[in-house]
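Please open the model in your viewer and keep a selection panel at hand. The tour goes from one selection to the next and says what is found at each stop.

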Amino acid sequence: MKEIKFDGRYPSVDDLRDRAIKKIPKFAFEYLDGGCNNDVNLIKNTKEIRDVELIPSYLDQHLGSDMKTELFGHIYDAPFGVAPVGLQGLMWPNAPEILAQSAFEHNIPFILSTVTTSSIEKIGEITQGKAWFQLYYPADEQVRLDILDRAWAAGYRVLVILCDVPTFGFRPRDIRNGLAMPPKMSLNNIIQILKRPEWALRTLKYGQPNFETLRPYMPKNLDLAQLGKFMDDTFSGRLTQERIKPIRDKWKGKLVLKGVANERDAEGAISLGLDGLIVSNHGGRQLDAGESTLMPMKRIVQQYGDQIKVMMDSGLREGPDIARCLASGAEFTFLGRSFMYGVAALGEKGGDHTISLLKVQLQQVMEQCGCATTTDLKNHLKE
Ligand SMILES: Cc1cc2nc3c(=O)[nH]c(=O)nc-3n(C[C@H](O)[C@H](O)[C@H](O)COP(=O)(O)O)c2cc1C
């Protein structure tokens, strides 16, 4: 088992976020950090998780806490994983590779996004086929089938299909920074890069980040506007039940729907024979007027928890947040920004540091509550 140790100078994800601000260009930090519209949903996600209270237990006999959690036939070392994040290499060169390697060593799942800056094959190799793959639904059938074949051949056995991006989120910071589609590189962005020389030099060394998984389908030498159009054309349209059915028929591994935030979509996923749900609102990046994920997660678990695996993300930052979500009914959790803050702050060491930190924090909460296993946390929820 991987040794758990973290750098004592950064004992919280807030510390990592503070350092990340100073390490990467403003447009990259804002892309990572922001929500949509007025950040109402983003803020609500964490707030409602933190309103959850746990009841400690001190005098009963307790022989130690074990975070190991079984999911889809695999026993993971902890009940959390790395959520799929697009364009990771923009925030720190090699970020997906760094996180995949650390997740593999710590025996937790890493989910590779279709639109990040590493390829299915490279991450498959790093994780020896243990990573999960998140599919953005490509409109072109040949591209779609080819991506699924590549994922299977590279050893991926859990496919996550994303349903909460029928349109790109309306994100004022990204629009201001020219990170919307089509992207543009403004003088302002160049000045921001010059202010972050380590980021700039590393980016020069490792090369401009690219959509590596999509590279075989992209015409060569696209300028930024053409790239925007390619992405728009490739990923247009919403993911309907009709579009999921053939994927269910084809994919022989576990199939998970991510982005579910209400009972109706959960019911749809069950009727299609899916294996799991990630209750998620994309970290508050899609529907500012929407609920936090904690509330729909609790209702979905209550109604459908015996029919499908219910996981969640959005708003968790630290170990106690993971404990709060598990106590509230989630079987497994994912975090997006926390790991990216870690890598943006600490580079190569950021993955290992953040995973270790979350493990230590979660273990501490379990000991306070006298929980032998993560499922015991449910008995410590203050209603
Ligand atoms: C910068 C950024 C990019 C993201 N890109 C993707 C993506 O490509 N695919 C996807 O399924 N989710 C994407 N997400 C959503 C995450 O998978 C996850 O749902 C979210 O980050 C969870 O919220 P948290 O950041 O509060 O932990 C992205 C999130 C962020 C912050």
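In which kind of crossing, left-handed or right-handed, does H1 pass H16? H1 passes H16 in a left-handed crossing, a term used if the near helix is turned anticlockwise from the far one by less than a right angle, with right-handed used if it is turned clockwise. This is a predicted model, in which local features need pLDDT of at least 70 and side-chain atom pairs count only at pLDDT 80 or more, whereas totals for chains, interfaces and linings use all residues. Residues are numbered from 1 along each chain as its sequence is written, and side-chain values use heavy atoms, with hydrogens and water left out.

**H1 and H16**

Select helix H1 (residues 13-23) together with H16, where helices are DSSP runs (H or I, at least four residues) numbered from the N terminus. The two pack at an angle of about 50°, with their axes 7 Å apart; axes are lines fitted to C-alpha atoms over the stretch in contact, and angles run from 0 to 180 degrees between N-to-C directions. H1 and H16 are therefore oblique to each other, given that angles under 35 degrees count as roughly parallel, over 145 as roughly antiparallel, 65 to 115 as roughly perpendicular and the rest as oblique. Among the residues in contact (heavy atoms within 4.5 Å) are Leu16, Arg17 and Ala20 of H1 and Tyr341, Gly342 and Ala345 of H16.

**H2 and H16**

Keep helix H16 (residues 337-346) and add helix H2 (residues 26-33), whose axis comes within 10 Å of that of H16 and crosses it at roughly 160°. H2 and H16 are therefore roughly antiparallel to each other, and their crossing is left-handed. Show the side chains of Phe29, Leu32 and Asp33 in H2 and of Arg337, Met340 and Tyr341 in H16, since these residues make the contact.

**H15 and H17**

Next, select helix H15 (residues 319-327) and helix H17 (residues 350-369), the axes of which come within 7 Å and cross at roughly 55°. H15 and H17 are therefore oblique to each other, and H15 passes H17 in a right-handed crossing. From H15, Gly319, Pro320, Ile322 and Ala323 meet Leu358, Gln361, Leu362 and Val365 of H17.

**The ligand**

Finally, select the ligand and the 24 residues that surround it, each with a heavy atom within 4 Å; the closest are Pro84, Ser113, Asp313, Gly315 and Arg317. Three polar contacts, pairs of N or O atoms within 3.5 Å, can be displayed in turn. A side-chain N or O atom of aspartate 313 is 2.7 Å from an oxygen atom of the ligand. Glutamine 134 has a polar side-chain atom 2.9 Å from a nitrogen atom of the ligand, and histidine 282 has one 3.3 Å from a nitrogen atom of the ligand.

Technical notes. Polar contact = N/O pair within 3.5 Å; in protein donor to acceptor, adjacent residues only side chain to side chain.
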